[in-house]
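The following exercises ask the reader to work through a structure step by step. Attempt each task before reading its solution.

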Amino acid sequence: MGTLVEEAVTQTLRGGDGEAVRLYVAACAERMAPLFVGLRVGVAGREADVDFYVESVRDLWHADRPLSDAAERVRVLERFPELQPGDEEVTDVAGTYTFFAALVLRYALLANGSGSADEAVSCGHAALTAMGMLDQNVVGGGFRAQEHGLQWFSVSGDTAGLWEASIEAGRERFRTVCGPTAGRSG
């Protein structure tokens, strides 16, 4: 399967160290967090899932070392309804974007624990896929191009402002998904 992650980003991740991989996936997860949190907060029975997601994204930013419980967090996340196989295709907006947000976090946790550039690329690929879908469903999107730029920023070596840029991008995505111009994903 091909990847949407630019070759230069992939090569930088493969040539870098574990900290570079962990920073990259933390930023990807941060940008997707508002989609999961915003679309699941207030949903009955999902309070613990929202808290888990928020805590995991926060902890991923400690990129100087892998999370000691990354594998356990993956197991918890894999029990989320978004990552459970089902007979019906997810076609609603909330279901679509929370699925991608959960998938990005899954790969982020895997990459954090292993330092694997391949897991990091899968994380970036999932984020880019979600943003490509968002571009198809809104007028004048540009979210996939923005994600490409922020992924490059994540591995550029000069990451001052990365956290802030990731937070703002995530908020913009959430506003767009919830806004009047958002279409249905399918």
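**Exercise 1.** In this predicted model, determine which backbone nitrogen a side-chain oxygen of serine 116 reaches at the start of α6.

*Solution.* Begin at serine 116 and follow its side chain to the oxygen. At the start of α6, this oxygen comes to within 3.2 Å of the backbone nitrogen of aspartate 118. A polar contact requires a pair of N or O atoms within 3.5 Å, and the pair formed by serine 116 and aspartate 118 lies within 3.2 Å.

**Exercise 2.** Compare the span of helix α6 with the expected span, and decide whether the helix is largely enclosed or not.

*Solution.* Step one is to identify the helix: α6 covers residues 117-137, which is 21 residues. Step two is the span: from the first C-alpha of α6 to the last, the reach is 30 Å. Step three is the comparison: at 1.5 Å a residue, 30 Å is expected, and the span of α6 is close to this value. Step four concerns burial, for which a residue must have under 20% relative accessible area. Of the 21 residues of α6, 15 are buried, so the helix is largely enclosed by the rest of the structure.

**Exercise 3.** Classify the packing of α1 against α6, and then that of α2 against α7.

*Solution.* Take α1 (residues 7-15) and α6 to begin with: their axes are 9 Å apart, and the packing angle is about 150 degrees. Angles over 145 degrees count as roughly antiparallel, so α1 is roughly antiparallel to α6. The crossing of α1 and α6 is right-handed.

Turn next to α2 (residues 18-40) and α7 (residues 143-155), whose axes come within 8 Å and cross at roughly 150 degrees. By the cut-off of 145 degrees, α2 is therefore roughly antiparallel to α7. The crossing of α2 and α7 is right-handed.

**Exercise 4.** State how many disulfides the structure holds, and describe the situation of cysteine 28.

*Solution.* Recall the bond in question: a disulfide is a covalent bond between the sulfur atoms of two cysteines. The structure holds 0 disulfides. For cysteine 28, the nearest cysteine sulfur belongs to cysteine 123 and is 4.3 Å away. The cut-off for a disulfide is 2.5 Å, so cysteine 28 is in no disulfide. Cysteine 28 is buried, with a relative accessible area of 0%, whereas cysteine 178 is partly exposed at 45%.

Conventions. Residues are numbered from 1 along each chain as its sequence is written. This is a predicted model: local features need pLDDT of at least 70, side-chain atom pairs count only at pLDDT 80 or more; totals for chains, interfaces and linings use all residues. Side-chain values use heavy atoms; hydrogens and water are left out. Buried means under 20% relative accessible area, exposed over 50%, partly exposed in between (1.4 Å probe, protein chains only). Helices (H or I, at least four residues) and strands (E, at least two) are DSSP runs, numbered from the N terminus. The expected span of a helix is 1.5 Å times one less than its number of residues. A polar contact is a pair of N or O atoms within 3.5 Å; within protein, one must be able to donate a hydrogen and the other to accept it, and residues adjacent in sequence count only if both atoms are side-chain atoms. Axes are lines fitted to C-alpha atoms, for helices over the stretch in contact, and angles run from 0 to 180 degrees between N-to-C directions. Angles under 35 degrees count as roughly parallel, over 145 as roughly antiparallel, 65 to 115 as roughly perpendicular and the rest as oblique. A crossing is left-handed if the near helix is turned anticlockwise from the far one by less than a right angle, and right-handed if clockwise.
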